[in-house]
Amino acid sequence: MKTLLVFCLCTSIQGETYYQIGNSLTWDSRPLYQQTYAENAEINLVNGWHIRTSSTSTDILNDPIPSPPQDVFAYPSPYPEAMLSEWNNLVVQSYRGAGHTLQMDINSIGAFHDMFPQSKLYIYESWPQIENTGQWNLWLSSDGSQLTVARKAYFETLIDQLESPALLVPVGEVFFRIRTGIQNGEIPFLSSVDELYRDDKHANELGKILAISTVISTIAEKNLTGVPYDPLVLLDSNIIDFSQRIVWDVVANYPYSGVEWDYTYEWWAANFGKSVSYAADGNKDSKINAADYVTWRDSYSPTLSVAIPEPKTS
């Protein structure tokens, strides 16, 4: 196994910045490409990272560069030196390990944030392994002895129990939304959620689009739909666009993401007739049609200063 460390200690960074700490699932969010992708969306950001593969948050806290070495990727400086830089946001991944528990996540993530006290804290929501994708919405214990798992309830319990206020980068929820859409026949270019994976746990190129888009959409609070993606990734532009829309719908509606967004008539109209449950689905019947227009109009029209055009019925 090789160790790659890139040192460039920066004492002051301007603009929207964030530092990611995690394992190979964080690496699947393509930290090396995030700044270029953000520039395509006219977002000014600077990102850094410390990746130690096959590791829990506790592993990385206690032994950031293990000996004998395993794959470690760090830029512009590894943890803990990175804490000398100024980062607006800290993104830490929770991941399961033998005997690793909720309380251990609480302790290690809290310790990371103590080193970056000026940063807004985010938890990077890992997606489940392939065999566990059906367990995403299952209940689990909120006791500290609960083993670390990739489930929605686990991540929400984690941020509720952290001493510092925290938000979620909801990548796992995005994967689940794709799975639900496939089951409902709403995503014609996929037949199984397995098609987001390159092995039993890591994301393939489509899964990486979901991960990187969720990170940037959450932190920058911006819809990336239609933003050009890496031309070296040979995926149809319509599939990329669809994926970006799914990401934004999750991020903009997920209460733990911290993103607040006011929906407009244009958003509803652009999604009219679609069956995927976007934010425009005002009455939550998984169809976007005239009934949702009524819900939208009744909810939002008192705040508008312009006339709302009636939708076409044909």
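Trainee: Which residues line the largest cavity?

Mentor: Rolling a probe the size of a water molecule over the atoms shows where empty space is left. In this predicted model, the largest cavity is lined by Pro-128, Thr-133, Trp-136, Gly-172, Phe-175, Phe-176, Arg-179, Val-193 and Tyr-197.

Trainee: What volume does the largest cavity have, and how many cavities of 30 Å³ or more does a search of the whole structure find?

Mentor: The volume of the largest cavity is about 60 Å³. The search of the whole structure finds one cavity of 30 Å³ or more.

Trainee: I should like to turn to the nonpolar cores. Which residues touch the most other members of the largest one?

Mentor: A nonpolar core is a set of buried residues of certain kinds, joined through side-chain atoms within 4.5 Å. The largest core here has 48 residues, and Trp-127, Leu-196 and Ile-216 touch the most other members. At least two residues of this core come from each of α2 (31-40), β6 (120-124), β7 (166-169), α6 (171-183), α7 and α8 (237-253). Helix α8 gives the largest share, nine residues. There is also a second, separate core of 27 residues, and Ala-82, Phe-112, Leu-121 and Ile-123 are among them.

Trainee: Which residues does Leu-196 touch, not counting those up to four places away in sequence?

Mentor: Leu-196 touches Phe-175, Ile-178, Leu-190, His-202, Ala-203, Asn-204, Leu-206, Gly-207 and Leu-210. One of these, Phe-175, also lines the largest cavity.

Trainee: How should I read helix α7: what are its length and its span?

Mentor: One compares the span of a helix with the value expected at 1.5 Å a residue. Helix α7 covers residues 205-220, which makes 16 residues, and from its first C-alpha to its last it reaches 22 Å, close to the expected 22 Å. At its start, a side-chain oxygen of Asn-204 comes to within 3.1 Å of the backbone nitrogen of Leu-206. After α7 comes Glu-221, with a positive phi near 55°.

Trainee: Is α7 mostly covered or mostly uncovered, and how many of its residues are buried?

Mentor: Helix α7 is mostly covered, with 14 of its 16 residues buried.

Trainee: Why does Ala-38 count as buried?

Mentor: A residue is called buried when its relative accessible area is under 20%. Ala-38 counts as buried because its relative accessibility is 1%. This residue lies in helix α2.

Trainee: Which residues is Ala-38 in contact with, leaving aside its neighbours within four places in sequence?

Mentor: Ala-38 is in contact with Ile-43, Leu-45 and Ile-216. Ala-38 and Lys-222 are 184 residues apart along the chain, and their C-alpha atoms are separated by 9.9 Å.

Definitions and conventions
Residues are numbered from 1 along each chain as its sequence is written. This is a predicted model: local features need pLDDT of at least 70, side-chain atom pairs count only at pLDDT 80 or more; totals for chains, interfaces and linings use all residues. Side-chain values use heavy atoms; hydrogens and water are left out. Helices (H or I, at least four residues) and strands (E, at least two) are DSSP runs, numbered from the N terminus. The expected span of a helix is 1.5 Å times one less than its number of residues. Buried means under 20% relative accessible area, exposed over 50%, partly exposed in between (1.4 Å probe, protein chains only). A polar contact is a pair of N or O atoms within 3.5 Å; within protein, one must be able to donate a hydrogen and the other to accept it, and residues adjacent in sequence count only if both atoms are side-chain atoms. Contact means heavy atoms within 4.5 Å. On a 1 Å grid over the protein atoms alone, a cavity is a set of points where a 1.4 Å probe fits but cannot get out, and a pocket is an open set with protein on both sides within 12 Å along at least five of seven lines; lining residues have an atom within 4 Å of a point. Grid points are joined across faces, edges and corners, and a volume is the space filled by probe spheres set on the points.
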